[in-house]
Number of protein chains: 2
Amino acid sequence: MIDIAIFDEHRLVLEGISGLLTGISEFRVVLNCDDRNILTEKLKSIQVHVLILNMHDISVRNLNLIVQLNISNPKLKILVVSVIDSEEIVLKTIKAGAKGFLGKDSDRNSLIEAVYTLRNGHDYYSKSITHILLNRYISSLKADDLSDNADINSLSSRQIEILKLWGESYSNQEIADRFFISVRTVESHKNHIMQKLNLKSTVDMVKFAIKNNIIEI
Amino acid sequence: MIDIAIFDEHRLVLEGISGLLTGISEFRVVLNCDDRNILTEKLKSIQVHVLILNMHDISVRNLNLIVQLNISNPKLKILVVSVIDSEEIVLKTIKAGAKGFLGKDSDRNSLIEAVYTLRNGHDYYSKSITHILLNRYISSLKADDLSDNADINSLSSRQIEILKLWGESYSNQEIADRFFISVRTVESHKNHIMQKLNLKSTVDMVKFAIKNNIIEI
DNA sequence: CCGCATTTACGTGTTTTACGTAAGGAATGA
DNA sequence: TCATTCCTTACGTAAAACACGTAAATGCGG
């Protein structure tokens, strides 16, 4: 048996969604709610497995609701339903802690499937959402790669060694000791790096090292 | 009409794949090849729309083949087919420049669909691959978020202002001038930030600022 | 009103950066 | 072979930044 709560600010839509779930013997809708505060209150006493949350906008209030519910009800799985399936809203809800997202391409069957999936501890995203996420990810993967090839090749291997250690928070003295060279030499290497790459500050040098995978964030 | 080349080191499998494509009037298999060098050579003279590449392993040779073909034949779309559908191989082939990937869940229909999709300039990934990529992306999104909420809240708004400017490569003096305070005060703020966050070096402070979206890389 | 964090600031000593200079070695090409 | 160029090494000097301690004024919540 899966206990379900449904939240929608529009009572009519709320009832509509609720109706879609009747007739499934394993589903028990224990709460229909159209008020944010009442929802938060009630969920303190009632144990619910899945919360279906219809989002009409990407307001901070809505996102905060997800964040807060996740903190107060760690076991609760939140399934966001929204006609707005922009990249922005999807990413923000996932970051806020939603476990599933149904875009406007979803029907009753995908809603039911999503509830089961969330209950089983997995994430569920409808097809259109999957596409959005995947495209974004793929393009970020590709973008990553292009940025790799610019200035880093102009650095010598010694310069990269120095930059790497320094980027891992070693002091000049520590670097000097490790390579058996003078602190002044370490400084020189860093000066040369800055000159070559035309960097204004050491902060820029950190950023460069991160961008070029010399160090991790 | 879509011109197709097929590469597989195993002649038997090669013929099998080739056979799957007969009977589609819009497809024309113009090259079956089981040798890397011959493939590269022939593709210099023959114009092909889609190359179906069966990868038996993630060797550097295979990945380089993709990279090289992409450089020499920019219009060519490479569709990778592989029974190995690990995260690693998928990510590497995408980075190398493959436009599609068919995992072991694929059948003849998805192969045909993939060829059409690539020809139309889009990417194609079979269901299992989509899952792999999506899970990775989602978890990276979530990981991002967890690191967001910890320490940054402990900083005062003044401290964040200072950190932000400093992270944009402003000198202490410039920051001091902008806020009409002493350089010593700027130093104090930075000291307090380092203490609060328990950071060992200014390099760490840059990383912190990046992780917490105070500055851009 | 008291305690606590914030913002402001200084003192002192160390480390790092800025900018210039330079010597010895390896690689390269005329 | 000799000139050139880059790399690695290193120092001088002055300015800037950092480490660590101290401390006064301000403001806010209990």
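These questions and answers go through a predicted model of two protein chains with DNA.

User: Which residues come nearest to DNA strand C?
Analyst: There are 20 residues around DNA strand C. One of those that come nearest is from chain A, A:K190. The others named as nearest are from chain B: B:S156, B:R158, B:S182 and B:R184.

User: How much of the DNA strand C side of this contact is sugar and phosphate?
Analyst: The atoms that matter here are those of DNA strand C that come within 4 Å of the protein. Of these atoms, sugar and phosphate account for 61%.

User: Which residue of chain B has a side-chain N or O atom 2.9 Å from a base nitrogen of DNA strand C?
Analyst: Some polar contacts go to phosphate: a polar backbone atom of B:S182 is 2.7 Å from a phosphate oxygen of DNA strand C. A side-chain N or O atom of B:T185 is 2.8 Å from a phosphate oxygen of the strand. The contact to a base nitrogen, at 2.9 Å, comes from the side chain of B:S188.

User: Which element supplies the largest share of the surface near DNA strand C?
Analyst: Helix α9 (183-197) of chain A and helix α9 (183-197) of chain B each give at least two residues to this surface. The largest share is 6 residues, and its source is α9(B).

User: How many residues of the surface near DNA strand C are charged?
Analyst: The surface near DNA strand C has 3 nonpolar residues and 11 polar ones. The charged residues number 6.

User: What distance separates the centres of the two domains of chain A?
Analyst: Chain A is divided into domain 1, residues 2-133, and domain 2, residues 148-211. Taken over C-alpha atoms, the centres of domain 1 and domain 2 of chain A are separated by 49 Å.

User: What kind of axis relates chain A to chain B?
Analyst: A turn of 180° and a shift of 1.0 Å along the axis lay chain A on chain B with an RMSD of 1.1 Å. That relation is the one given by a two-fold axis. The copies meet through the same surface, because 97% of the interface residues of chain A are also interface residues in chain B. The axis is therefore two-fold.

User: How far apart in sequence are the parts tied together by the salt bridge of B:R28 and B:D3?
Analyst: Over all chains the structure holds 14 salt bridges. In one of them the side chains of B:R28 and B:D3 meet at 2.7 Å, N to O. B:R28 lies in strand β2 (residues 27-33) of chain B and B:D3 in strand β1 (residues 2-7) of chain B, so the parts tied together are apart in sequence by 25 residues.

Key. Residues numbered from 1 in each chain as written. Chains lettered and ligands numbered in written order. Predicted model: local features only at pLDDT ≥ 70, side-chain atom pairs only at ≥ 80, totals over all residues. Heavy atoms only, no water. Near = heavy atom within 4 Å. Polar contact = N/O pair within 3.5 Å; in protein donor to acceptor, adjacent residues only side chain to side chain. Helix = DSSP H or I, 4+ residues; strand = E, 2+ residues; numbered from the N terminus. Nonpolar A, V, L, I, M, F, W, Y, C, P; charged D, E, K, R; others polar. Domains from an automatic or database assignment. Least-squares fit on C-alpha atoms with pLDDT ≥ 70 in both. Contact = heavy atoms within 4.5 Å. Salt bridge = Lys/Arg side-chain N within 4 Å of Asp/Glu carboxyl O.
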